[in-house]
Amino acid sequence: MAHVFVYGTLKTGQPNHKVLLDGAHGRAALRGRGRTVQPYPLVIAGEHNIPRLLNLPGWGNRVAGEIYTVDEQMLHFLDEFEGCPDMYQRTLVTIAVEGAGGTLQCFVYSTATYPPEWVHLPYHDDYDSQGKHGLRYNPRENR
């Protein structure tokens, strides 16, 4: 079992959350909410308005998200779903667990491969596909 921190479209109530609930992909259990201990730039970028965590620790905000415990099957599914290692890279990040205190080492899908102008986009601390940012996510099934 592994811990995965999700900050974008995989969170509860977001467009891709259903893949975490689909037992055909493996098992995923919500452990709680948390925030990155270090700040990171969370931007909404690209032609489909995808939330992306840029692998620039120390920049941006402490990003909010959900912590899941996943089995090996789900972890492999998420690697494929997230286009790892090309679009995103799976790295370990320290997450502060809300309510429980303490921290957990969690896998997160962030990217070190992005156009340089993405560093200058607005940084978010808590993604919502319907948020005030006005950048509507374009679901995979519509592309």
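**Exercise 1. Decide whether W118 is buried or exposed, then describe its ring partner.**

*Solution.* W118 has a relative accessible area of 13%. Buried means under 20%. W118 is therefore buried. The model is a predicted one.

Next, look at the rings. The whole structure holds 2 aromatic pairs. In one of them, the ring centres of Y114 and W118 lie 6.5 Å apart, with the planes at 10°. Planes under 30 degrees apart count as stacked. So Y114 and W118 form a stacked pair.

**Exercise 2. Find what sits over the ring of F107.**

*Solution.* Start at the ring centre of F107. The charged end of R90 is 4.5 Å from that centre. A charge must be within 6 Å to count. R90 sits over the ring of F107.

**Exercise 3. Place strand β1 in its surroundings.**

*Solution.* Strand β1 covers residues 2-6. Of its 5 residues, 4 are buried, so the strand is mostly covered. Now find a partner. Strand β5, residues 64-70, is joined to β1 by 5 bridges. The two strands run antiparallel. Within this pairing, H3 stands opposite T69 in β5.

**Exercise 4. Trace the salt bridge of K11.**

*Solution.* Side chains of opposite charge can pair when their charged atoms come close. The count for this structure is 5 salt bridges. One of them joins K11 and D126, at 2.6 Å from N to O. K11 is in the loop between β1 and α1, while D126 is in the segment after β7. The two are 115 residues apart.

Compare their surroundings. K11 is buried, at 5% relative accessibility. D126 is partly exposed, at 37%. Finally, add R33: K11, R33 and D126 are linked in a network of salt bridges.

**Exercise 5. Show which parts of the chain the pair R27 and D71 ties together.**

*Solution.* First, check the contact. R27 and D71 meet in a salt bridge of 3.9 Å, N to O. Then locate the ends. R27 lies in the loop between α1 and β2, and D71 lies in the loop between β5 and α2, so the pair ties together parts 44 residues apart in sequence. R27 is exposed, at 54%. D71 is buried, at 15%.

**Exercise 6. Do the same for D125 and R35.**

*Solution.* D125 and R35 form a salt bridge of 4.0 Å, N to O. D125 belongs to the segment after β7, and R35 to strand β2. They are 90 residues apart. D125 is partly exposed, at 37%. R35 is also partly exposed, at 25%.

Key: Residues are numbered from 1 along each chain as its sequence is written. This is a predicted model: local features need pLDDT of at least 70, side-chain atom pairs count only at pLDDT 80 or more; totals for chains, interfaces and linings use all residues. Side-chain values use heavy atoms; hydrogens and water are left out. Buried means under 20% relative accessible area, exposed over 50%, partly exposed in between (1.4 Å probe, protein chains only). Two strands pair if DSSP finds at least two bridges between them. Rings of Phe, Tyr and Trp (its six-membered ring) pair if their centres lie within 6.5 Å; planes under 30 degrees apart count as stacked, over 60 as edge-to-face and the rest as tilted. A charge sits over a ring if NZ of Lys or CZ of Arg is within 6 Å of the ring centre and within 35 degrees of the ring normal. A salt bridge is a side-chain nitrogen of Lys or Arg within 4 Å of a carboxyl oxygen of Asp or Glu.
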